[in-house]
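Thanks for coming. I have a short walk through one structure today, so please bring it up on your screens.

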Amino acid sequence: MVKLEEKVFRDPVYGYVHVFDKLIWDLIQTKEVQRLRRIKQLGGTYMVFHTAEHSRFSHSLGVYEMARKIIRALMYCGTVLEEEERLLVLSAALLHDLGHGPFSHSFESVFNVRHELFTERIIMEDTEVNQVLESYQKGFATKVRDVINKTYENPLVINIISSQLDADRLDYLLRDAYFTGAPYGEIDVERILRTMRVVNNKIVYKVSGMHAIEDYLMSRYQMYWQVYLHSTGRSFDLVIQNMLRRVRELVLSGYQFRHPIGALADLFLEKDLSVETYLKFDDATISHYASLFVEEEDEILSDFADRFIHRRLLKEMHYVPNDEVNKNLIKIGEYMSILGIDPTYYLITDHSVKTPYDYYGHKTNCLPDCIELLMRDGSIKEISEVSTIIKGIIAVKPKQEYKIYFPLDLIKASGNVEIKNKILELLPENIQ
Ligand code: NI
């Protein structure tokens, strides 16, 4: 394989990201990988944690670097990957998030696309990434795709990129903790790497690393509730979603936009969305459209665009679902319609559920996806058999949250005092 003089990227999480292989260097230069600089890793989370503006590009480089560290750690304990598989792991690590759209999850739900599918298509179709992979070795793109899709023949290769404790999760926890300022993601990665061993072509951990792994699982759980599922970030995502939903409805009904919307219309009108159209979109293009939509005649569109630009978020309230509350929510929707506020856009119910360690949920093609410990007598045990903390966690029901989001500002501004008061009375929490 063609080696380079070492190239480095400064990185606040690892100090440096090191690149030694021409293949990896060439992949980083492609326009599809460079596009990830224009997509924030955490979507609308920067509306809560104001410094969480790091990009998918820095996360992708980070997963590459973490995969490199894992390969090196495995080498120290005697498992050396073949050259081709080493490059396969590193390429898959770098490319695993290639298909993310702007404000990922909002974008996906409106356009009914999955970023995993676009990652696969960008690797396989006529793109610069595909050319670089195929010029290294014919058929290499297919292998990289198979590693990301977890169908590649060697489970160890898949394990490094996707498992309960993989390069992706380790990087995003460290990186998101650093950039949000939330301390929960600080985990003892060195300890985890040092206790990795390979048994039956799968990564296991010496039992002496168990406490570092417990800490990692708890960190991830805390990051979910404190950062990823934060209601303010979620409220901003709903604003983006509703803005795009409204655009779709207007495009399909033949509405005449004041400013031409160009390629954005293609997103809704193209029968089979092409990779070329998809790649035109990033956070900046969506923000640009929002600034135009503020001036649209359609009130719902201009309101959501204005909310997006000026961070006028929807109000969130917690509730516990039961017959009475559910009836009240329907009534609130009816009253909102009387005030001219369309509940299909402005009254949103939301449900989050998260467990710290879910080893029942996922399987790769060949292995149950669980964390296994190498015991001192050489036997292998699933971590919840050994750790009382993990055992306790999986014994209880996962934490759940139910919330509604609605425009308290519009309701309060209404001149219809009678209906306004009825809505305020029916809300699941008191308004001060
Ligand atoms: Ni990722």
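Arg311 sits in the loop that joins helix H17, residues 299-310, to strand E5. This is a predicted model, so please hear every value as a computed one. Most residues other than glycine have a negative phi. Arg311 is not a glycine, yet its phi is positive, about 55°. Is Arg311 buried or exposed? Neither label fits: with a relative accessibility of 40%, Arg311 counts as partly exposed, because that class lies between the 20% and 50% cut-offs.

There is a similar case at Asn201, in the loop between strand E3 (196-199) and strand E4 (202-206). Asn201 is not a glycine either, and has a positive phi of about 60°. Its relative accessible area is 35%, so Asn201 is partly exposed. One further positive phi, near 65°, belongs to Lys150, which follows helix H8.

Now back to strand E5. Which strands does its sheet contain, and in what order? The sheet is open and has three strands, ordered E5-E9-E6, with antiparallel pairing. E5, residues 315-318, and E6, residues 348-354, are the edge strands, each pairing on one side only. From one strand to the next, the twist averages 30°. Strand E9 covers residues 399-406, and its antiparallel pairing with E6 runs over seven bridges. To find one of these pairings, take Asp350 and look across to its bridge partner in E9, Lys403. Helix H12, residues 210-228, lies across E6 and E9 and runs at about 170° to E6.

Another pairing is found at the start of the numbering. Strand E1 (residues 3-11) and strand E2 (residues 15-21) are antiparallel, with six bridges. Together E1 and E2 make a hairpin, with three residues between them. Lys3 has Asp21 of E2 as its bridge partner.

Next, the helices. Two packed helices are described by the angle between their axes and the distance between the axes. For helix H13 (residues 231-252) and helix H16 (residues 283-293), the angle is about 70° and the axes are 12 Å apart. H13 is therefore roughly perpendicular to H16. The crossing of H13 past H16 is left-handed. Which residues meet there? From H13 come Met243, Leu244 and Val247, and from H16 come Ile286, Ala290 and Phe293. That contact has six nonpolar residues, no polar and no charged ones.

Helix H8, residues 140-148, has several buried residues: Phe140, Ala141, Val144, Asp146, Val147 and Ile148. What do they pack against? Five helices are listed here: H1 (22-29), H4 (83-95), H6 (115-124), H7 (128-136) and H9 (155-161).

My last stop is Ile39, in the loop between helix H2 (31-34) and helix H3 (56-76). Ile39 has a relative accessible area of 1%, so this loop residue is buried. What is Ile39 in contact with, leaving aside neighbours within four places in sequence? The contacts are Ser55 and Arg56, then His100, Gly101 and Pro102, and finally Phe281, Asp282 and Asp283. Phe103 is 64 residues from Ile39 in sequence, while their C-alpha atoms are 7.2 Å apart in space.

That is the end of the walk; I can go back to any of these places.

Definitions and conventions
Residues are numbered from 1 along each chain as its sequence is written. This is a predicted model: local features need pLDDT of at least 70, side-chain atom pairs count only at pLDDT 80 or more; totals for chains, interfaces and linings use all residues. Side-chain values use heavy atoms; hydrogens and water are left out. Two strands pair if DSSP finds at least two bridges between them. Helices (H or I, at least four residues) and strands (E, at least two) are DSSP runs, numbered from the N terminus. Axes are lines fitted to C-alpha atoms, for helices over the stretch in contact, and angles run from 0 to 180 degrees between N-to-C directions. Contact means heavy atoms within 4.5 Å. Buried means under 20% relative accessible area, exposed over 50%, partly exposed in between (1.4 Å probe, protein chains only). Angles under 35 degrees count as roughly parallel, over 145 as roughly antiparallel, 65 to 115 as roughly perpendicular and the rest as oblique. A crossing is left-handed if the near helix is turned anticlockwise from the far one by less than a right angle, and right-handed if clockwise. Ala, Val, Leu, Ile, Met, Phe, Trp, Tyr, Cys and Pro count as nonpolar, Asp, Glu, Lys and Arg as charged, and the others, Gly among them, as polar.
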